[in-house]
Amino acid sequence: MSIGLEHYLILSAILFSIGLYGALSKHNAIVILMCIEIMLSAVNIALVAFSRYIVPLQLTGQVFAIFTIAVAAAETAVGLAIIIAIYRSRETIDAGKIDLMKW
Amino acid sequence: MFDQNQYIWLIFLIPLLSWAIISLILKPFFKDKPKIAGYVTIAAVATSLLLSIWVLVTVLGEPHHELEVPNISWVIIEGGATINLGIIVDSLTAVMLIVVTVVSLMVQIYSQGYMHGDAGYHRYYAHMSLFTTAMLGLVLANSLLLMFVFWELVGLCSYLLIGFWFHRPSAANAAKKAFIVTRIGDFGFLAGMIYLYANTGTFDTAELHQMAISGVLAGNVLTWGAIGIFAGAVGKSAQFPLHVWLPDAMEGPTPVSALIHAATMAAAGVFLVARTYPLFEHSAVALQTVATVGGFTAIFAASIGLVQNDIKRVLAYSTISQLGYMMLGLATGGVAVGIFHLFNHAFFKALLFLGAGSVNHATKTFDMREMGGLRKVMPRTYATFVIGALSLAGIWPLSGFWSKDEILVKSLENQPVLFALAMITVFMTAFYMFRVIFLTFGGEYRGKEHLHESSSVMTIPLIILAILACGSGLLNVTGGFSAFFGHGETYSVVEGLFGIFAHPLPWLSLILAGLGIFTAYAVYSKKWLSAEAIGKRFSALYKLFYNKYWVDELYEGIIVKKVLMGGIFRVFQLFDSKVIDGGINTNFVQGFIVRNLFGWFKSFDQKGVDGAVNGVADTTLIAGKTMRKVQTGQLQLYGLIIGLGIVALIVCLFLFG
Amino acid sequence: MGQVIAFWIFAVIIVVAALGVVLLRNVFRAAMLLILSFIGIAGVYILLNADFLAAIQVLIYVGAIGILIILAIMLTREVPLGSPSNKFRIPALFVVALFFGGVCYAILSTQWQVSNVLPEANTTSKLAVKLFGEDGFVLPLQIIPILLLATVLSAIVLVKDKK
């Protein structure tokens with residue numbers, strides 16, 4: 001069987017779900033960030049797959065993916081900087097314990 | 001003058017102008033020069049006098065002795081009434097104008113001396129001017145409505161002047177009494193006037209006369225209308241039973257008594273009957289009423305005047321008595337007879353009052369028991385006073401004789417019973433007047449004051465009035481006065497003067513008058529008879545007369561206190577406090593309404609309204625307390641919820657896509 | 001045929017690595033598996049004829065982001081904690097399952113209009129033309145550096161020593 005668009009899309013969906021699950025259920029803030037990266041990558045796969053199979057000559061999805069990668073990089077940098085800063089003041093990176101903005 | 005005799009309006013408007021000048025200009029700005037007020041008033045009244053003389057001369061020349069003056073429309077209601085202001089100028093008007101202006105002028109001049117130094121000088125002359133205006137307006141008015149307006153205005157001025165020294169409680173009370181008692185009469189006047197208007201549609205006296213003469217206005221309507229009008233006359237002219245105010249009105253200054261309560265306002269009642277005479281002529285009942293009231297009052301008042309000690313009180317009762325004579329004269333002899341007596345009475349009564357004022361000026365009292373022997377010190381006052389007293393007593397050839405004689409003649413013809421009473425009154429009149437003279441001027445002085453004659457400004461009016469008191473009666477010697485009123489023949493002067501003695505009646509009246517004078521002489525001058533002994537002998541009568549027949553006590557003690565205040569008004573008051581107030585305050589209201597209704601309101605307010613308001617607040621708080629638990633501060637929870645939301649969106653998209 | 005096998009290999013690597021990231025307790029090992037996952041994704045890009053993108057993926061994701069994550073892990077060592085799961089495990093699983101179910105259903109039920117045109121081999125120049133040419137994306141390309149500048153500055157500020 002040849003690989004069709006659906007395969008890539010299902011792959012992307014699986015990756016996204018895994019990433020989503022991790023982002024919602026892990027304590028460690030850095031692990032949450034890693035799962036966010038997984039989600040972003042899943043989206044990239046979907047974008048490129050669409051581009052390849054629906055409008056192959058236009059490379060639109062790839063362009064979009066480039067931008068996504070750039071933004072992901074920036075966001076990771078800032079997120080990690082925040083985590084380090086929190087770690088410095090609170091000695092913890094447990095997402096469940098960083099809840100000052102509560103009722 | 002300018003067309004259609006419009007200048008006649010000025011006769012009463014000029015004193016009005018003087019009133020305005022005194023009140024608005026002199027009193028505020030010339031407070032320290034009070035004499036100017038006197039001069040202004042005298043000038044105004046003198047001008048009115050000149051105009052009145054002009055009117056008299058003109059009227060004498062006119063046929064029917066009438067002048068035409070056009071009316072001024074006052075109220076015009078479409079399809080309804082029109083009320084005009086107008087003047088009527090006939091013989092009656094002309095005579096009254098002369099009376100009022102002459103007496104007023106004399107009194108104003110006299111007042112300059114009498115009221116000298118009084119704090120209310122301006123006020124006095126302002127009120128006097130206003131009174132003169134009102135009286136002249138009353139005399140000139142051609143409709144009952146306009147007459148009523150001036151009638152009330154005259155009453156107001158009387159009130160103001162009786163209570164001139166208002167800080168004296170007796171004066172204030174007397175003013176109130178005068179106003180209220182005359183008001184009772186005025187109510188009758190108003191009722192009669194409106195009753196006539198309702199049945200005839202007019203207030204105009206000329207038209208009413210026409211209707212009465214032609215018989216259109218007759219029967220009960222005419223009778224009750226006439227009696228209503230007479231009620232007003234009874235009040236103003238102090239006839240029984242509304243006579244009680246006049247003696248008390250002597251609390252006012254003596255010139256006021258002279259002008260208002262002797263010569264003019266008191267005579268207004270007589271004038272009113274004269275003005276509406278055709279109405280009385282054609283109603284026998286009304287005419288009889290007038291005669292009876294007048295005749296009774298004459299003897300009633302004279303009897304009281306026999307025993308009074310205050311000189312002004314005697315003169316007041318004398319006035320009431322003479323007014324009764326006038327009413328009797330009107331009823332029996334017609335307008336000319338009654339008005340002639342009014343004409344003469346005005347002069348000699350004013351003279352007597354001013355004389356009393358002059359006496360008061362010297363002795364500082366009105367009580368005759370503290371006077372005596374004044375004839376030596378005050379010769380002019382004494383002489384003029386005696387002339388006035390003789391005229392009043394009806395001694396030939398002074399004025400009182402002529403007019404009183406006419407009345408006696410006519411009443412003998414028409415009302416014999418009243419004639420008898422009138423004759424007795426002749427005796428009484430002479431007696432009490434000369435009692436006054438002997439007590440005041442005769443004998444030796446019993447008081448303590450330093451005596452002196454009054455100044456010229458006071459005695460000259462006395463002299464002028466004395467001349468008039470002598471001569472005014474001679475106007476009818478030739479029958480001229482009666483002819484002026486349209487009836488009676490004229491005779492020559494000699495025939496008139498002496499021919500009178502051809503009839504027995506003048507002899508009888510002269511003998512009675514002489515007897516009265518002699519009796520007074522015997523008791524008070526020569527003391528052949530003791531006054532006290534006579535008083536003891538007739539003690540019951542004496543008490544009756546001295547206490548004024550207890551009429552005042554009847555009015556104030558019984559009618560006012562018991563019947564009205566104790567009876568009717570008390571019933572009203574009890575009704576109000578028990579029934580109306582009681583009903584509001586009873587248990588029904590308090591118990592049921594207050595407890596239940598208001599209680600329900602209260603609980604509704606506390607539980608319902610407050611509960612709702614608090615409930616809203618509490619709900620908000622509880623909602624907030626619950627809702628805030630959502631804000632755990634945990635990022636992943638938020639993420640979870642977002643995820644749920646997205647899933648929900650996807651599901652919705654599939655379901656409803 | 002080759003593509004099919006390659007696809008399946010890469011797919012398995014990616015999924016297993018991702019599962020490992022989520023499920024492993026040891027944070028460091030999770031990071032390693034993440035990098036493995038990124039490399040697998042690069043392989044998928046090559047399969048999709050996006051060679052330039054594959055290179056970028058390795059350069060940036062693996063070279064920069066992965067290293068950065070390892071750096072951060074080193075700096076925030078919490079050995080006892082590791083990477084446990086929290087109380088939202090089951091709800092998250094539920095939500096995720098639902099989500100996955102829905103998306104799969106959407107993917108499978110849509111009629112994709114797949115084109116038959118073969119893609120071109122050398123995408124770099126084509127991408128360059130696409131990005132920088134007329135009707136290109138020059139503006140976003142200029143904004144990205146600004147974003148990166150902001151990122152750099154904020155990162156410096158955040159981790160600066162306060163003394």
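**Exercise 1. A strand pair in chain B**

Ile76(B) stands opposite Thr82(B) in β3(B). Starting from that pair in this predicted model, work out which sense the two strands pair in and over how many bridges, and how many residues of β2(B) are buried.

*Solution.*
- Step 1: find the partners. β2(B) spans residues 72-76, and β3(B) covers residues 82-85.
- Step 2: get the sense. The two strands run antiparallel to each other, paired over four bridges.
- Step 3: check the cover. β2(B) has five residues, and the count of buried ones is zero, so this strand is hardly covered.

**Exercise 2. Two helices that cross**

Take α14(B) and α19(B), and decide whether they are roughly parallel or antiparallel, whether their crossing is left-handed or right-handed, and which residues meet.

*Solution.*
- Step 1: locate the helices. α14(B) is residues 311-333 and α19(B) is residues 416-440.
- Step 2: read the geometry. Their axes come within 11 Å and cross at roughly 155°.
- Step 3: classify the angle. Anything over 145 degrees counts as roughly antiparallel, so α14(B) is roughly antiparallel to α19(B).
- Step 4: add the hand. The crossing of this pair is left-handed.
- Step 5: list who meets whom. From α14(B) come Ile311(B), Val314(B), Ser318(B), Ser321(B), Tyr325(B) and Leu328(B). Facing them in α19(B) are Leu418(B), Ala422(B), Thr425(B), Thr429(B), Tyr432(B), Val436(B) and Thr440(B).
- Step 6: sort by class. The contact of α14(B) with α19(B) has eight nonpolar and five polar residues, with no charged ones.

**Exercise 3. Neighbours along the chain**

Now do the α10(B) and α11(B) pair: find the packing angle and the axis distance, then say how the two helices are oriented.

*Solution.*
- Step 1: place them. α10(B) holds residues 254-263, and α11(B) holds residues 265-275.
- Step 2: get the numbers. The axes are 3 Å apart, at an angle of about 20°.
- Step 3: classify. Angles under 35 degrees count as roughly parallel, so that is the label for α10(B) and α11(B).
- Step 4: name the contact. α10(B) brings Ile260(B), His261(B), Ala262(B) and Ala263(B), while α11(B) brings Met265(B), Ala266(B) and Ala267(B).
- Step 5: sort by class. That contact has six nonpolar residues, one polar and no charged.

**Exercise 4. Buried or exposed?**

Place Leu468(B) and Val27(C) in their helices and decide whether Leu468(B) and Val27(C) are buried or exposed.

*Solution.*
- Step 1: Leu468(B) sits in α20(B), residues 456-471.
- Step 2: count its neighbours. Leu468(B) has 22 other C-beta atoms within 10 Å, and 20 or more is the cut-off, so Leu468(B) is buried.
- Step 3: look across the sequence. Phe348(B) is 120 residues away from Leu468(B) along the chain, yet their C-alpha atoms are 7.8 Å apart.
- Step 4: turn to Val27(C), which belongs to α2(C). It has 26 C-beta neighbours inside 10 Å, so Val27(C) is buried as well.
- Step 5: look across the sequence again. Val27(C) and Pro84(C) are 57 residues apart along the chain, with 9.6 Å between their C-alpha atoms.

**Exercise 5. Chain by chain**

Give the helices and strands of chain A, chain B and chain C, then the share of buried residues in chain A, chain B and chain C.

*Solution.*
- Step 1: chain A has three helices and zero strands, and 57% of its 103 residues are buried.
- Step 2: chain B has 28 helices and four strands. Of its 657 residues, 48% are buried.
- Step 3: chain C has six helices and zero strands. Here 26% of the 163 residues count as buried.
- Step 4: check the long-range contacts. Among contacts with a separation of 6 or more, residues 24 or more positions apart account for 51% in chain A, 79% in chain B and 53% in chain C.

**Exercise 6. What chain C touches**

How many residues of chain C are in contact with chain A, which element of chain C gives the most, and how many residues does the contact with chain B take?

*Solution.*
- Step 1: 74 residues of chain C are in contact with 64 residues of chain A.
- Step 2: the elements giving two or more residues to that side of chain C are α1, α2, α3, α4, α5 and α6. α3(C) gives the most, with 12 residues.
- Step 3: by class, the side facing chain A has 57 nonpolar, 13 polar and four charged residues.
- Step 4: the contact between chains C and B takes eight residues from chain C and nine from chain B. On the chain C side, six are nonpolar, two are polar and none is charged.

Note on methods
Residues numbered from 1 in each chain as written. Chains lettered and ligands numbered in written order. Predicted model: local features only at pLDDT ≥ 70, side-chain atom pairs only at ≥ 80, totals over all residues. Contact = placed C-beta atoms within 7 Å. Nonpolar A, V, L, I, M, F, W, Y, C, P; charged D, E, K, R; others polar. Buried ≥ 20, exposed ≤ 12 C-beta atoms within 10 Å, placed from the backbone. Axes fitted to C-alpha atoms, helices over the stretch in contact; angles between N-to-C directions. Parallel < 35°, antiparallel > 145°, perpendicular 65-115°, else oblique. Left-handed = near helix turned anticlockwise from the far one by under 90°. Pairing = 2+ DSSP bridges.
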